Every structure is written in structure tokens, then in C-alpha cells.
Amino acid sequence: MSFAIEVPGEAAPLSQWELVKALSAAATSTNHAQRQSASQQLQTWEAHPDYYTDLQTTFLDTSQDKQVRFLAIILLKNGIDKYWRHTAKHAIKPENKQLIRSRLLQGSLNEQDRTLALHNALVTAKIVRIDYPNEWPDAFSTLIELTRSASASNPLHLRGALLVLLRIVKELSTARLRKSQTALQGVTPELVQLLGGIYTEKTAHWQGLWTRGAGDQAAAEFSVENSLAALKILRRLVTVGYEQPHADAMVCGFWSLSQSQFDQFLSGISQDSWVPISHQDMVGKHLIQFAKLHIDMSEMHPASFPALPNSIPLVKAYWNLVKAFSEVFEKSGGIKQTSSETAGGHPKHEGPLYEKLALKGLLLLRSCVAIAHHPVQTFKYRSAEAKELEKQAVHTIKVELLTRDMLLDMVQVIISKLFVFRKSDLDAWEEDPEGWESQERTEGQAYEWAVRPCAERLLLDLLTHYKELGEPLLEYCDLVTKAGMDVVAKEAAYCALGCAAAVIHQSFDFDRFLTTFLVKDAQIQGPMAKLLRRRIAILLSQWISIKISQANRPVVYDIFRHLMNPKDEHNDEVVRITAARQLKYIAEDFEFNGESFQPFAADVFNLLVNLLQEVESDETKLAVLETLRLIVTRMETHISQFGDAIMLTLPKLWESAGTEEYMIKQSILAIMSSLVSSMRAESQRYQGVIIPLLREAMNPESALHLHLIEESVDLWKSILTQSLPPLNPDLTQMVQLALPLLEYDSEVAIQCLEIVKDYILLAPQDILRDALRQPTLAALAKTLDSRSRDQSQLGAKSIELVIRVADAFGGAQGVSVVVQDLLEIGVLRAILEGLHSAWESSQTTGPNRKPSKINTVKETDYFALLARIALADPALLVTMLTSFGSPIEQVWSWLSSQWFANFDCMGDIEREKLSCLALTRLWELPNPMQDLVLARLQDYLSMWTSVVTELADGTSGETLGGQDSLVWTEVGRYEYDTPLDVHEREFAAKDPVHSVVTYEFVRARLADVVQRVGGEQAFEANWAVNVDREVLIGFQRLSQPGGQVDG
């Protein structure tokens, strides 16, 4: 049936018929416009109070099309997440919730379609998690009763009830809230008793039918399906529902049952078993659930696990299963991770059941090693009994399970049997080289679903905690690596050698092994040579950080160059990708030396770039690019001679990446950044190539802008750091792209602020032009109000820098232009309002004290800006202060009080000297400022004394006033200086803070004022008489010879 929707979605009122019509169009229509219109209509109805009850009604109507019902339950499930909680906007009303809850269980119990029943169960689980026990107190009791009655009469209903229970238990077991955990633990005993009975009954039923070989096969299928569902629930309940599972009789009984039935079922999956071949898969699933139970118990209850009945014999039985499997491991088909997913969203793994069980055995052994050597660390209170139980568990595992004979047996089997490269592995290798290499790499999660990687992890665990196992391992490796041994056995030995590197390095001469064996083995020919070549690349990366001498590093580099050579037929794609990936660890090593790598660099770069052209997977491309980036970084200045070749390639890679492959472009930008940093000033010749790519990445209209912004800003910062003025004009114009980003509260905004600051230093005349000056100041002004202290302070310092460069290039007139801009933008008004607010706050106390709009840190920043204006032109500051309508006497009264008080909060001697010089320059002005500053003579004398004393460096024989630790006699140069560092230091050297001796500066202006007021006698009679004697003596001491700074 086809429904045509002609009107916009919001025009149709909600009714059951309209809802079905919209669901049908959205789910089944082949017309895109109809589907889109229907989807909009459904979205509009979300706020309607009856929408979700009508969706449930549609789902429960079995006469509707399956696709319609499926979409209805999906929309209902999504609505639970968005609107079920009462705090949500347009929350579902309580009466509608009650109606939905009352019909939930019938949606699974009466449903024959498994997919629909599953999604209804998911809806039920979500609601139980939120509503139980407060809003839906009888949820479990109702479900338990339905399950109990269905068990005796209706297998279809039982299947639906168990499905709902499974999803509820899964949902509650993953909840972090204590309420949900307590709720589950409260019903666990009753559920375990009920499900234990159902499991036992259904298992006995299908076992009896298949043993006799006669009976109702349909009933047997229901029984085995329901017993599996019950087992899945029980597995979770006994691990999540109890604090101490070993103390509960039902858990111990089920634990014992799991062991006895494991043996029974294992015999039922052989070729001559009592289980029909068509049902052996279901029995195998029971075995997998038992194995998961055993592993979960060991991981979630490490203290209880050894105390459960026959746990140690159980682990030994698993090891015997692993040993038996190791005999046929070479012929086993292997486990493969498929693209399809389970109901829980996890990838499916397909392969022989025997191999899956052996894998579970290895995982259980790893868990037992962890129990013995990695006790769970917790902040939770534990009783003395709990601590004793944990201690006993560790002792039991170490003494009864991990005996020396057991450990030696495990090492021998793992190395000689489970490390062997199989035909199935080779088939998977050749079927999908890139995919196989990615799954097998060390950082992957393959150990969770593949035997060989899991065996590697187990061996590594054993060698880490039992160092003595290194000796028999070395003996085996020594035997296998003799000439004439086959490649497969040698590859397994090398795998073990890599795992044991950290343990055996003191007793094993790897340097001799490298030159004697590995160099030859890397060049062997033959059909299996590629196995050994891949393993050698991995082995070298495992040993490089442990024990390879500097003298042999070039040998390692040469081997990698050889392994990445595509002209050698034995270096297939997997070998070359593995070598490229492992080369990253070679370059990452602390002792990597760019000079010794230099002879191999050109070939290696070409090989890596060529490999990039061959591989298809983005993940592989990113790995190769990361290796390239790391080599560029670690070679430092030695990379210079290869820079041209690299920069010739990167733009081509950028173009080939397309518009959507942002991760590749991120890596390209990162490589460019590393290249610029390594080549330092020499990198400026590449700016013509880099800037167009950087501009494209920083373009706010680009779809990739947000994805590339962090790498782009890093590269941009690197370019400026390594640049000397004058800047490339294209680079200068890019500053406009940074300005809109300054107001955001993020790390990127701070980096962009640093970039703008660098532009002010490197291209001051460009920044001071009208086209850039005003937008730059406007953008910097916004940062002053940032919630980030770093951002606010950096913004203030950048504005300071603008004032300084304006003074340097335009003198007082240049500064006046900047001040006029700051007035128009409103920055100076905001500064004075903030400072006045701080002054008002300081004038009031107690509960009625006025809060200040700014903190002391921002207050210091504000005074620094005023100080820069005053230091450049004190008359300009006074003019600016009076421009807001108040006479200077009124403004100076509160401003000077707050300014002098702020010296105690500055905490930075450079800022103190800056303010000291600025306030002192005001003494140059005539009345009314002359009388105003003289009225503050005591504050000035105290400030001068304090600052000059703090600046004194303690040189004996000099007056305190003759010393100034901030004055630079020369501009220092250092080995790792960047061009920006040098330029910034040279510009800072011209700052009065670093070029003027404070006391001499003060004394000259004080002497001038003394003369202007009529000489020393008039000065003392009219002004100095008002100053405390101690303050005068302190200031006079600055000019006395031999003064020392008290520690």
C-alpha cells in the first residue's frame, strides 16, 4: 500500500490513522520527498502527549506491515531516551507512561518476530532502569510470575519473557548509579532460583530427546533456545548480583553445574556425539557462555574466584584443553572478526568452536595471573575478612595453580605450538593484507578474539612476573635459530624473543644476534620469507629501546630500508606496512641520532611516500604519515637537505586526499609543522608552498575548517616562530583569519592570541596600518573579558605590545592614534570603570562592602596598559583621563590611591618597575599635575624606595640606587633560540624597563620638580615636611655608598 503525503508535516493533526500513514511513508516509500516529509511529520509529533502511546499501539497491532511496526518501536525506543524522565522538555505524561508500561510485556511475550521482540525488550529495559523500583515497583514480580507460568505452558511466551529479562539484567548491570545496582542485587536470589530451575529443566529436556534420538524436535529447539537464554541471564546475575558469590549456596551449586555440564557438552560437539549436527552450534553457544562465566567471575570477583568449588582444577582443565588444541592449532581455521555486529553492537567473531574455547582458556589464565600479581586497588572500605579473603586468593593462585611445572609447561606450549604461523593466518594475510596487518599490530585488540595474540600477551604476563622463565626461553630460541631450521619455527622463536626483551636483555647479547642472524634472515629467499621479514621488523622495534648499541643502529636502519623496498618480491604489502609502522618506534627511541640516520633518510623518505600511494586504508595512511612526521622531528636540523623532496610531495598528497579525508590532511599539516621546527630559519623558503594550504585549512567557510584548526594553528605558530622580519606579505595578511578566533574560550584561542602577538612583533608596521590596527585592537579588547586568566593576560600584554610598537615607529603621535582607537572601541572606559569599581570596593568593609568587578590580576593588567600610555606620553594619559567628563583632580584622587595600593598585588618586578617609571613620568607635567603628584609625595617616596631596593642586585661597593637587575647590558644569544626568540629579546632590550636605571630616572625628575617649586628649601618647607621621617630616611639611603640589600 502506498500513501502520498502532499501537505507539510506540521499541518496534519495526530491520529492513529495519520500516524500509520506517516510511518508507512517513512519506512516503505521509494519517493525521497515523501520519506522526508513523513520524517518531518513524525518529528513534529514528538511533542504531542499521545504520540508515544500511539506508537506503541501501532507496534502491538500485528496486522500492520512489519516495516511500519519496526519503525514504530524504534521511534518509541528513541523517545524513552529523550522524553521519559520528568525533567525533560515535553516529557511524557505520567498517565501515558502508565499505559505504556502496562503493555510492554505483551509486546515481547506474544511476538513471534525475533527482531521486533528484541527491540521491545530494549524499550522495556530502558524504562525499568529509570522507573524501578519507585515508579514501577512490580516490574520484576510481574515478569517473574509471567516467566514462571510460561515455563510450564508456553515456550513462545517463555522465549519472550527470557529475552526481556536478559535485556533488563544487561541494562541494570551496566548502570553506575547505586540505586540500579542495589535494585538488581535485591531481586537476584529469586531470579537465580527461578532461572536455575528453568535452565535445569530445559537442558534435561533437550538432552533427553537427543540422547534417545526421538521426540518432538520443535519442542527440543525451543528448549535449547530457552536454556541458552536462561544461561545468559544467570551468567550475568551470579557475577553482578552478589558482593561475595562464593558465600552463596545457589551460586556455588550453579558454579559446580557449569563445570560438570561443560564436560558433557564438550563431548556433544564431536563428530560421533549424541547431539545432532544441526544443533551442535547451539550446544557450542552454551559452552561459550560457561567460559564467559568463568572469565567474568575471575575478573569481577578475584577474591571469590579461588574460593568457589573446584576453581583451581577448573583452570587446569582449561589449560589441558589449550594444550590439546595446541596439537591441532596449526590446522585450525582461525577466528575472524566480521563486519556484522551482535545485538549489543559488538563485532562478531567466526571460527571453530574448539579454537574459541582455547582462547577463553588463555584469557582465564591471564586473569588468574592478574589475580596473583595485580590485586584490585580500591578506595572502598574493606573489612578485615575481605582483606584476608583477597590475601588467601593470591596465595591459592600462586601456590596451587602457578607452580613451576605449570609455568614451564605454559611457556613451552605457547612458544612451540601457539606461536606457529598457520595456513589460515597466511590465507587471511593474502586475502586482505592491510586489514590483517592492522588487526595483528601490537596496539590492537586482537588478543581478545584471536589465539596467537592472546598467547603473546599471556607469555608477556608470565615473563614479567617470573623472570626465571627467561632461561628456558633462551635455550629454546637458541635451538631454533640454528642454521637449517624452518622459517615458521624461527618466526615463532623471534616472536617469543620480542616478548621477552625486557626480561632477558642482561643475559642475551642482542647486538651479536643482530649482526650474526638477523641481517642474514632479513635477506632470506623463499615462499615463507615474508613471515620472517615481518617478524624481524617487529622484533627490532621491541629491542631498540632496551639494548641495541649506537654502533649497530645503522645496521637497524639498513634492515628497515631493505624491508620497505618494493622491488624485492618477498617484501609484500604487509611486510612493507609493518616495517613502516615499526620504524616509528625506532625513530621514537631516546637514543635515535639524526646524523647516523642521515645516509638512509633519502631512501626511507621515498619508500614511505611511495607506500602512501599504494595503501588504501586511511588508518594505514595515517600510520605511515605519523612515522614520516616523527622522523622529520627527530632528525632536527639534519632534515634540511631532504626538505625540498618532502615539500615537493606533501602538496600532491594534500590534493589527492580529497575534500573529506580530513585525517590525512591533519597528518600533512603536522609533518609540515615538524619540518618547519626542525629546519628552523631555513624553512622560510617553503612558505610559498605552505601558506596556500594553510589558508585553505583556516578558511572558515571550508567544511574541513573545524577538523583541521588545531593542526593549522600549530603549523601557523611554527612558521611565525621560525620567521625573520620582514614577513611574507601573504603570511602577514593571514592575521585576519586569527582575529575571529580570539574570543573563544579554548586552547586554540590562546594559540591564536599568541600568533597575533607574534605578528605585532614581526610585522609591526603592517599591524599599525588602519586596515589591520583597528580590527586587531577590537579583537584583542574582547579577550580582556575572557574567563580564562591566561587568555585575558595574554590579550593585555598584546595591547601593551601594540602601544610599544606605536611608540617605536610613530612616537607620541603614533601612541595617540592607538589610544584614540582604544577610546572608540570602549576599552579605556571599561578599564577605568573596572579600576573605579576596585577602588570603591576597597573603601567599604563588612557585610555592605561593594564587590569589585575585577580581580587583582586583571587590575594589574589594566594598570600596565595605563602605564604604557604614560611611559610613552604622560600628557596623553592625562588627556585621556579627562576625556570622560571628570576633572583630573577627581580622577587622580581615586586612581592614584588604587594604583599605589596595587603594588602589593603585582607580584612581578617588571610590572612594578613599569608602573614606577610611568607614575614618575607624570612629574614632568606642569600644574595641575605638578601639585597633584606632590600631594602624593609620601606614596611616591615609598614606591621609589621599595622598587629600587627590590631591583638592587646586591653588588657591594655600589649605592642601592646605582643597581638595577632588570637593565640588560647585552642581549643574550642561546643555542636553541628561534628567530622569533632573538627578535623578541632584541625588541625587549629597547624597552625602558630593560634599558633605564630606575633610580637615575627618578632622581632626574625629582630634581627638576624641586627646581620648579623654588629649590630645596622651598621643597622641604612646603612638601617634604608632610612626609614621615622614616620614609625620607629610607629614600635618602638609596644614594648612600656601600648599601646592601637585606636578604
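This dialogue discusses helix packing, a pocket and local backbone geometry in a predicted model.

Reader: At what angle do the axes of helix α8 and helix α10 cross, and how is that angle to be read?

Author: Helix α8, residues 139-153, and helix α10, residues 178-212, have axes that come within 11 Å and cross at roughly 15 degrees. Angles under 35 degrees count as roughly parallel, so α8 is roughly parallel to α10. The crossing of these two helices is left-handed.

Reader: Which residues make the contact between α8 and α10?

Author: From α8 come Phe 140, Ile 144, Thr 147, Arg 148 and Ser 151, while α10 contributes Val 187, Glu 190, Leu 191, Leu 194, Ile 198, Glu 201 and Lys 202. Sorted by class, the contact has 6 nonpolar, 2 polar and 4 charged residues.

Reader: How do α39 and α41 pack?

Author: The axes of α39 and α41 lie 9 Å apart, at an angle of about 10 degrees. That angle makes α39 roughly parallel to α41. On the α39 side the residues in contact include Arg 789, Ala 796, Ile 803 and Val 819. Among their counterparts in α41 are Val 857, Asp 861, Leu 865 and Ala 872. The contact of α39 with α41 has 10 nonpolar, 2 polar and 7 charged residues.

Reader: At roughly what angle do α41 and helix α42 cross?

Author: The axes of α41 and helix α42, residues 874-882, come within 5 Å and cross at roughly 130 degrees. This makes α41 oblique to α42. In α41, Leu 866, Ile 869, Ala 870 and Ala 872 take part, and they meet Pro 874, Leu 876, Leu 877 and Met 880 in α42. The contact of α41 with α42 divides into 8 nonpolar, no polar and no charged residues.

Reader: How is empty space located in a model, and how much space lies in the second largest pocket?

Author: Rolling a probe the size of a water molecule over the atoms shows where empty space is left. In this structure, the second largest pocket holds about 650 Å³ of space. Its lining has 26 residues, and those closest to the centre are Lys 797, Glu 800, Arg 868, Glu 910 and Arg 911.

Reader: Which helix gives the most to the lining of the second largest pocket, and what is the class composition of that lining?

Author: Helix α39 gives the most, with 6 residues. Among the helices that each supply at least two residues are α36 (747-762), α41 (856-872), α43 (888-906) and α44 (909-921). The lining divides into 10 nonpolar, 4 polar and 12 charged residues.

Reader: What should be looked for in the backbone, and where is the peptide bond from Tyr 132 to Pro 133 cis or trans in the chain's loops?

Author: Most residues other than glycine have a negative phi, and most peptide bonds are trans. The bond from Tyr 132 to Pro 133 is cis, with omega near 5 degrees. Pro 133 lies in the loop between α7 (114-131) and α8. The bond from Asn 927 to Pro 928 is also cis, with omega near 10 degrees. Pro 928 is placed in the loop between α44 and α45 (929-935).

Reader: What is the phi of His 90, and where is the place of His 90?

Author: His 90 has phi near 60 degrees, a positive value in a residue other than glycine. This residue is found in the loop between α4 (66-83) and α5 (94-104).

Key. Residues numbered from 1 in each chain as written. Predicted model: local features only at pLDDT ≥ 70, side-chain atom pairs only at ≥ 80, totals over all residues. Heavy atoms only, no water. Axes fitted to C-alpha atoms, helices over the stretch in contact; angles between N-to-C directions. Helix = DSSP H or I, 4+ residues; strand = E, 2+ residues; numbered from the N terminus. Parallel < 35°, antiparallel > 145°, perpendicular 65-115°, else oblique. Left-handed = near helix turned anticlockwise from the far one by under 90°. Contact = heavy atoms within 4.5 Å. Nonpolar A, V, L, I, M, F, W, Y, C, P; charged D, E, K, R; others polar. 1 Å grid on protein atoms, 1.4 Å probe; cavity = no way out; pocket = protein on both sides within 12 Å on 5 of 7 lines; lining within 4 Å. Points joined across faces, edges and corners; volume = space filled by probe spheres on them.
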